[in-house]
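Open the model in your viewer and set it to cartoon. The stops below give a selection to make and then what is found there.

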Amino acid sequence: MGEDVNTISNNISSNNNNTNNKDDDNCETSNENLKPWYQRWDSQRIGFHLKDVNPIIVKYLPELLKTTSTTCNCKQIQHRRIFVPLCGKAIDMAYLASSSSSSSSSLSPSVQLEVVGLEGIRVALEEFIQEHPNLNIKPIITTNNNANDENSTHRSKKLEQFVGDNITLLKGDYFDLLEEEDSSSASIIGRFDYIYDRGSMVAIEPQLRTSYVKILKSLLKPGGKIILVTLERISTSNNIEATKKGPPYSIDENNVREMFSCDEHNNNNDNNDNNDNWIESSITLLEETDQLVLVPEDKLRYPDLDQLLEAVYLIQRKK
Ligand SMILES: C[S@@+](CC[C@H](N)C(=O)[O-])C[C@H]1O[C@@H](n2cnc3c(N)ncnc32)[C@H](O)[C@@H]1O
């Protein structure tokens, strides 16, 4: 089972020195999107990281995987892809990657999940790899030849790739998915059946949110579903400043409904699966809890808020 943890870590570092690799750690400190996160990871200010699997994904995974398709032959193993944007070193990814093969899993045994996590900060991925040696994650050295290989998990010139058992980790700036010439986000990393966004959309500065959502929406297959976990800052004393601070930046239910409703200017006659436009969608608020009540440390962390509502949404792109 796998390589010694230090060897993996060395491999990652040597991959970083690869001259074909345009993304290196200097990029983390010069890239405005990543710089503040580099500093956080460097000084281990990662209060967002949960030490256990998030109970939210355990609770709602069966709902996420539930299929309404009548054509499903449930005896056949179904391979499905789940994207975890801005994944940090979330243990949830190991849970998802291992669920399909684990006998104690709450998953239907006929579903096999392939997890793809994307993160901008190398140390987060290094720590994830070291903490989950059972996933056998190893770096893939990208050459000019396999960067254009249609069978490759992704075809990006900017994203580095680490591949393990039922899991691929991509290192790079999420917004580079928009920027690559002649490529849509989906043509770079493929489309997904599911997306699991916990603490990711709320980590993005509000002025980048439209681009963030545009990429996310383009990555979901028609029929695909998103579990979105947001935070809403509430000050009953009208302390507007406190509600605008971040990260995490406040997102309320109206924001979610606006962002994930159907796209304007869509073409109802267009049944092309490759269309980035959402023609029909549904948005369900599954639950809402006040973190200031549930997590005592949060009361100290956010003294100027009266409530910090964690909300869980199930969003489905129907067409
Ligand atoms: C609040 S954390 C959430 C991490 C994870 N979803 C979890 O539940 O633990 C946000 C993560 O996004 C990463 N990040 C922020 N901006 C990014 C970007 N533009 N591209 C890639 N990763 C980014 C940060 O390094 C950080 O690990």
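Which residue in S4 is the bridge partner of Ile 140? Select Ile 140, then Gln 161: Gln 161 is its bridge partner in S4. Keep in mind throughout that this is a predicted model.

**The whole protein**

Zoom out to the full set of 319 residues, of which 36% are buried. The cartoon should show 14 helices and 9 strands. Among contacts with a separation of 6 or more, 74% are between residues 24 or more positions apart.

**The sheet**

Now colour the strands. They form an open sheet of 9 strands with mixed pairing, and its order is S3-S4-S5-S2-S1-S6-S7-S9-S8. At the edges are strand S3 (138-140) and strand S8 (281-290), each of which pairs on one side only. Viewed along the sheet, the twist from one strand to the next averages 20°.

**From the S3 edge**

Return to S3 and add residues 160-164, which are strand S4. S3 and S4 are antiparallel and share 3 bridges. The pair Ile 140 and Gln 161 picked at the start belongs here, with Gln 161 on the S4 side. Strands of a sheet pair through backbone hydrogen bonds, so it helps to display backbone atoms at this stop.

**Around S1**

Select strand S1 (78-84) next. On one side, S1 runs parallel to S2 and is joined to it by 7 bridges. Pick Phe 83 to find Val 116 of S2 opposite. S1 also runs parallel to S6, here with 2 bridges. For this pairing, pick Ile 82, which stands opposite Tyr 194 in S6.

**Two helices across the sheet**

Select residues 55-65, helix H4. Helix H4 lies across S2 (111-119), S6 (192-198), S7 (220-234), S8 and S9 (307-317). Its direction is at about 150° to S7.

Then select residues 91-99, helix H5. Helix H5 lies across S1, S2, S5 (167-171) and S6. Against S2, helix H5 runs at about 155°.

**The ligand**

Finish at the ligand and show the residues around it. Which of the 20 residues come nearest? They are Trp 37, Leu 86, Gly 88, Gly 120 and Tyr 174. Colour the shell by class: 11 residues are nonpolar, 6 are polar and 3 are charged.

Terms used:
Residues are numbered from 1 along each chain as its sequence is written. This is a predicted model: local features need pLDDT of at least 70, side-chain atom pairs count only at pLDDT 80 or more; totals for chains, interfaces and linings use all residues. A residue is near a molecule or strand if its C-beta atom, placed from the backbone, lies within 6 Å of it. Ala, Val, Leu, Ile, Met, Phe, Trp, Tyr, Cys and Pro count as nonpolar, Asp, Glu, Lys and Arg as charged, and the others, Gly among them, as polar. Helices (H or I, at least four residues) and strands (E, at least two) are DSSP runs, numbered from the N terminus. A residue is buried if 20 or more other C-beta atoms lie within 10 Å of its own, exposed if 12 or fewer, and partly exposed in between; C-beta atoms are placed from the backbone. Two residues are in contact if their C-beta atoms, placed from the backbone, lie within 7 Å. Two strands pair if DSSP finds at least two bridges between them. Axes are lines fitted to C-alpha atoms, for helices over the stretch in contact, and angles run from 0 to 180 degrees between N-to-C directions.
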